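Let's walk through this one together, from a single strand pairing out to the whole chain and back again. Keep the viewer open as you read.

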Amino acid sequence: DSNDGVNLAKTLSRYDVGGQNGSKGQMCADGAEKSQIVIAKTSGRKGQHSGSAGIVTVDGVARRDDWTESGFSVDVGKALSGLDVRNAAVDDMYRALEYYGAGSIASGTYPVVIRKEAAKELLEAFTAIFFAQKAQDGLSMLAGKEGEMIASDIVSIVDDTLNPDLPYTRPFDGEGVPCEKRSIVKNGRLE
């Protein structure tokens, strides 16, 4: 419903999360989408699925004296009504404020903590290497490495397009093959 998006934007504009530490923030928000997927293959395989998702994007600006930095936060859920707009606004402002007083450091080896969103984006960049078709065509660096350690033992990756708590779930893939929960990497080992 387009009114949900309008109400969400109004709600977001009421949050003054930038008043902390002398910063000021400006926010904006987005809405919802619905989809319907129909598959009909010449092999006779057919499928149909409808879904929806709510998406909030917050792009705030933090200002202190002559310093300005922007943040960016996205929250995605099954519907707009289930999203925590206040949390997205606060997260966005803290992202912007993280850069206040930042500077260069000397080259070296440092322990790092990777934000979950950054880890997700890194994984997205390499998603294609996990595709079975890419491995079968010899286009994946992981071809033939099933059972081998390909990551740290703290890394596990699960493909679960049936999880009812997640947006963009679907009962079949792009070729009409029924989906199921699959472990791709378990404790660093390619399944």
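Which residue in E8 is the bridge partner of Val185? Look across the hairpin and you'll land on Leu190, which is the E8 partner of Val185. Before going further, a word on what you're looking at: this is a predicted model, where local features need pLDDT of at least 70 and side-chain atom pairs count only at pLDDT 80 or more, while totals for chains, interfaces and linings use all residues. Residues are numbered from 1 along each chain as its sequence is written, and side-chain values use heavy atoms, with hydrogens and water left out.

Back to that pairing. Strand E7 (residues 182-186) and E8 run antiparallel and are joined by two bridges; strands count as paired here if DSSP finds at least two bridges between them. The labels themselves come from DSSP runs: helices are H or I with at least four residues, strands are E with at least two, and both are numbered from the N terminus. Two residues sit between the strands in the E7 and E8 hairpin, and one to check there is Asn187, with its positive phi near 50°. That's a positive value in a residue other than glycine. Asn187 belongs to the loop between E7 and E8, and its relative accessibility of 45% makes it partly exposed. For the scale: buried is under 20% relative accessible area, exposed is over 50%, and partly exposed is in between, using a 1.4 Å probe and protein chains only.

On its other side, E7 pairs with E6, again in the antiparallel sense, this time over three bridges. Asp159 finds its bridge partner in E7 at Arg182. Put these together and you have an open sheet of three strands in the order E6-E7-E8, with antiparallel pairing. Strand E6 (157-159) and E8 are the edge strands, each pairing on one side only. As a general reminder while you rotate the view, side chains in a regular strand alternate between the two faces of the sheet.

Now follow the loop between E6 and E7, where you'll find Thr161. Its relative accessible area is 11%, so Thr161 counts as buried. Leaving out residues up to four places away in sequence, Thr161 touches Thr169, Arg170 and Cys179, where a contact means heavy atoms within 4.5 Å.

There's another hairpin to visit earlier in the chain. Strand E3 (residues 61-64) pairs with strand E4 (residues 67-70) in the antiparallel sense, over four bridges. Within that pairing, Arg63 has Thr68 of E4 as its bridge partner. Two residues separate the strands of this hairpin as well, and here Asp65 takes the positive phi, near 50°.

Time to zoom out. The chain holds four helices and eight strands, running α-β-β-β-β-β-α-α-α-β-β-β from the N terminus on. Of its 191 residues, 26% are buried. Among contacts with a separation of 6 or more, 59% are between residues 24 or more positions apart. As for confidence, the mean pLDDT of the chain is 78, with 82% of residues at 70 or more; pLDDT is the predictor's confidence in each residue, from 0 to 100. Helix H1 (residues 2-14) has the lowest confidence, at a mean of 55, and strand E8 (residues 189-190) the highest, at 95.

Next, drop into the second largest pocket, which holds about 390 Å³ of space. A pocket here is an open set of points on a 1 Å grid over the protein atoms alone where a 1.4 Å probe fits, with protein on both sides within 12 Å along at least five of seven lines; lining residues have an atom within 4 Å of a point. There are 14 lining residues, and the closest to the centre are Leu123, Phe130, Ala151, Val155 and Ile157. Helix H3 (residues 116-125) gives the largest share of the lining, three residues. By class, the lining has 13 nonpolar residues, one polar and no charged ones. Nonpolar covers Ala, Val, Leu, Ile, Met, Phe, Trp, Tyr, Cys and Pro, charged covers Asp, Glu, Lys and Arg, and the others, Gly among them, are polar.

Last stop: helix H4, home of Gln133, which is partly exposed at 45% relative accessibility. Ten residues separate Gln133 from Ala143 in sequence, and their C-alpha atoms are 9.9 Å apart. In the loop between helix H4 (132-136) and E6 sits Leu139, which counts as exposed at 59% relative accessibility.

Notes: Points joined across faces, edges and corners; volume = space filled by probe spheres on them.
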